[in-house]
Amino acid sequence: IKGGTPLRGEVQVSGAKNAAVAIIPATILAGGPCLLENIPDISDVYTLYDMLSLMGATVRVVSRTSVFIDTSNITSHKVPEDLARQLRASYYFLGALLGRCNEANVPLPGGCDFGVRPIDQHIKGFEALGANVNIGHGSVSISTDGLLGSHIYFDVVSVGATINVMLAVVKAKGLTVLENVAKEPHIVDLANFLNSMGADVRGAGTEVIKIRGVSEMHGCTYSIIPDQIEAGTYMVAAAATGGDVVIDNVIPKHLESISNKLEDCGVTVIEGDESVRIISEGGRPRACRVKTSPHPGFPTDMQPQFATLLTICDGNSTVVEDVWDNRFKYIDQLRRMGANIMVNGDTALITGVETLTSAPVEADDLRAGAAMVIAGLIAKGETSIGNIKLIDRGYENIVEKLTAVGADISRVTFDED
Ligand code: EPU
């Protein structure tokens, strides 16, 4: 990336990664043909297609953004190990297979490294529904003679546990009440998808979800919501480069916590029906205080990108990471680019500098990689980012999208030497 140029123009946002990675395994519950639209063209999605295919499903990519999946002939309730380790969402096969086949065997999942990532709340939920859970030899095995509806209170608000238990329970006997659930937009999207397949899920997006088990489900056509985090990443990139960018194909309501923080920094945010325009042309933005929390709070998946903007804001900012234990690893990379950041436990103290300086850096994980891209767009001179396969896990055509708004960015391959 040769940085220092304000971004200008329009960016189209793709379908939501974290909705897609739940909805693709959820097709198992249909036991029939599904057509999914507005799917993001990212590597995590293709890994899930490979898993489904190896389990006996028919997966046909219809276009760059749509896929036909027929899970009627699934022959295995076991998820292939090497693929499962590539992403966190492979654990959604636990809930989906348990819900359909009363049996599941899934290797302990991979995904970004933010310290300990326990799955105790998933297991608490499965057990409360009457499943036997065994963890051993690096895998989770679950079986049941038949799940029964239950009342489950989650001890922590977990996106993954909420989704997994929703998947397991849609075909269970009776009523299930889930309390202290996650409220992220992709939880609502999954509930809408399950209901389009014949499930009876109510209350998604609030504190309590009620699910009445149904005996039959069927395939459907469904279009996935736009990606809140991809949109937020381009909003911050526009603000950090002093640009003027319309981010299109979004649900502005999903972006409110990000828009509000940008406004705190003095950046102009103009909401349209399906777009937000970011204007940041009046000099350095102001410092501010950010604390991550579950939806509708400020998303942890925007923390590295927003912290990167704060490195060049005028004044002292604080970023409190309240969701993950260890999501500040990328800060060492920002320091290499001249950022002034001190980390104290869950808090990063950022003293704004005039600008960043270019350097060779690495993508430590998906969103940390996006943060490095924003840092490279800020810094004058040439920044190279290594390990970009982690960025490709979650951002469709990031190079092309940024080029279209004036960035000087290209994808290069070096030989190993
Ligand atoms: N937690 C537990 N026990 C559990 C589950 C979670 O203590 O059984 C704790 C975690 O340790 C963490 C907190 O609860 O402190 C929240 O974890 P959550 O389960 O909500 O996270 P996740 O489902 O593993 C999803 C997203 C992440 C995103 C988090 C939080 C997917 C595939 N991943 O992870 O997204 O950071 O929710 O919003 O949906 C990303 O897209 O870059 C990404 C990492």
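The following paragraphs describe two open sheets of a predicted model, together with the surroundings of its ligand.

One of the sheets is built from 4 strands in the order β4-β5-β3-β13, and the pairing among them is mixed. At its edges stand β4 and β13, the latter spanning residues 221-223, and each of these strands pairs on one side only. From one strand to the next, the twist averages 20°.

Within this sheet, strand β5 (residues 66-70) is mostly covered, with 4 of its 5 residues buried. Strand β5 has an antiparallel neighbour in β4 (residues 58-63), to which 5 bridges join it. Val61 and Val67 are bridge partners in this pairing, Val67 being the residue that belongs to β5. The two strands β4 and β5 form a hairpin, and 2 residues lie between them. Strand β3 (residues 33-37) also runs antiparallel to β5, and 4 bridges join these two strands. Two residue pairs mark out this second pairing: Leu35 has Phe68 of β5 as its bridge partner, and Pro33 stands opposite Asp70 of β5. A helix accompanies the hairpin strands: α2 (residues 43-54) lies across β4 and β5, and α2 runs at about 145° to β4.

A second open sheet also deserves attention. Its 4 strands follow the order β17-β18-β20-β19, again with mixed pairing. Strands β17 (289-291) and β19 (340-344) stand at the edges; because each has a single partner strand, one side of each is left without a neighbour in the sheet. The twist in this sheet averages 15° from one strand to the next.

The pairing of β18 with β20 can be followed in detail. Strand β18 covers residues 316-320 and strand β20 covers residues 347-351; they pair in the antiparallel sense over 5 bridges. In this arrangement, Leu349 of β20 is the residue opposite Thr318. Helix α10 (residues 303-310) packs on the sheet and touches β17, β18 and β20, while the direction of α10 makes about 170° with that of β18.

The edge strand β19 contains Ile341. Is Ile341 buried or exposed? Its relative accessible area is 5%, and because residues under 20% count as buried, Ile341 is classed as buried. Apart from neighbours within four places in sequence, Ile341 is in contact with Thr311, Ile331, Leu334, Arg335, Ala348, Leu349 and Ile350. Among these contacts, Leu349 is the residue of β20 that stands opposite Thr318. Thr311 is 30 residues away from Ile341 in sequence, yet the C-alpha atoms of these two residues are 7.7 Å apart in space.

The ligand remains to be described. It is surrounded by 26 residues, of which the closest are Gln121, Ser158, Val159, Asp301 and Val323. Two of these residues approach ligand oxygen atoms through their backbones. For Val323, a polar backbone atom is 2.5 Å from an oxygen atom of the ligand; for Val159, a backbone N or O atom lies 2.7 Å from a ligand oxygen atom. Lys17 contributes through its side chain, a polar atom of which lies 3.0 Å from an oxygen atom of the ligand. On its own the ligand has 830 Å² of accessible area, and the protein covers 89% of that area.

Terms used. Residues numbered from 1 in each chain as written. Predicted model: local features only at pLDDT ≥ 70, side-chain atom pairs only at ≥ 80, totals over all residues. Heavy atoms only, no water. Pairing = 2+ DSSP bridges. Axes fitted to C-alpha atoms, helices over the stretch in contact; angles between N-to-C directions. Contact = heavy atoms within 4.5 Å. Near = heavy atom within 4 Å. Polar contact = N/O pair within 3.5 Å; in protein donor to acceptor, adjacent residues only side chain to side chain. Areas by Shrake-Rupley, 256 points an atom, 1.4 Å probe, with all protein chains shown as cover. Buried < 20%, exposed > 50% of the residue type's maximum accessible area, 1.4 Å probe, protein only.
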